[in-house]
Amino acid sequence: MSIDLVEAGFRDNPASCIQWIDQTELSMAQRHPAPHLNTPHVPGRMTVMRALSTIPVVAIAICLWPAVAQACVCVAGGGNLHHDLKVARERASAIYRARVIPAPVGPYLGTVDVEVLEVIKGPVVTGEKFILPQGGGGDCRVRFRGDAVYLIYAEPKDARLIWHCSRTRPMPSLDDAEWGWLTTGKLPSIPAAVQRETVSSEPCAENKKCTSKWEPPEALAADQCHWRAPDQARCTFTRPRVALSENTPTSPLLVCRLEAGRGDRYTCTVQKAPNPTQAE
């Protein structure tokens, strides 16, 4: 395929572009495996490998421009965890739990070996093993981290295409609330209360320690947070605090720490009890 055809066919369709690059990379890796340390030197081999390694880089630069320059930006859900879970399940062509093992770096961004452990839906089979490309940065592919078990949501038209903006993430325990919903149909509980950290000086001056304290729990509105997992969220608080009503439960609750340099953005986790409301 010429560069002209790549550009004409993929510039307006980044997903197809990445899919084409994935297929090309895997094909090249199979036909031109990296030489073993004990492999005799073959004249011209390294020249061929260096030339092949530039193909995906050139292709992605052309067919994703200006998308790459803008990096990979995920559109957050509406803040309703239950709705987001249902949409993700319906949208995915495959959902499965798998062990992911990084393979030696390939000609582009490397690959991972995948062993399917359990399947929720889709054209994959428990025990099946295959290779997935991985990415990072602006290419919108998942950057898998180490030897770990992942909950994987595949893109709608391809069970081997995993997008960074999907709900794909590490899942070390079967007690995971999202996995429990997928296997039993019981939706995870959503906290009704949130406790925020406040910082005395933001940003802190150089060599000056900031002091922080925990505010009393307050009411949590659904549209304030984007849920990465049932126990993890990123929240933005721009409205005045709303006091808890008398009968609002405070366990579990969402506990939110201020992100550095972001006056209204917090990283939050679910925990059973609030933190003490005094200066730290």
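Helices (H or I, at least four residues) and strands (E, at least two) are DSSP runs, numbered from the N terminus. The model is predicted: local features need pLDDT of at least 70, side-chain atom pairs count only at pLDDT 80 or more, and totals for chains, interfaces and linings use all residues. Residues are numbered from 1 along each chain as its sequence is written, and side-chain values use heavy atoms, with hydrogens and water left out.

**Exercise 1.** Place Ile-120 in its strand and state how accessible Ile-120 is.

Solution.
- Strand E2 (residues 111-121) holds Ile-120.
- Buried means under 20% relative accessible area, exposed over 50%, and partly exposed in between (1.4 Å probe, protein chains only).
- Ile-120 has 21% relative accessibility and therefore counts as partly exposed.
- Contact means heavy atoms within 4.5 Å. Neighbours within four places in sequence aside, Ile-120 contacts Arg-89, Ile-95, Tyr-96, Trp-179, Leu-182 and Thr-183.
- Thr-183 is 63 residues from Ile-120 in sequence, with 7.3 Å from C-alpha to C-alpha.

**Exercise 2.** Is Arg-97 buried or exposed?

Solution.
- Arg-97 lies in strand E1 (residues 95-102).
- Its relative accessibility is 14%, so Arg-97 counts as buried.
- Among the residues that Arg-97 touches are Glu-115, Glu-118, Tyr-150 and Trp-179.

**Exercise 3.** Which residues make the contact of H4 and H5?

Solution.
- Helix H4 (residues 81-91) packs against helix H5 (residues 177-184) with axes 12 Å apart.
- From H4 come Leu-85, Lys-86 and Arg-89; from H5 come Glu-178, Trp-181 and Leu-182.

Note on methods. Axes fitted to C-alpha atoms, helices over the stretch in contact; angles between N-to-C directions.
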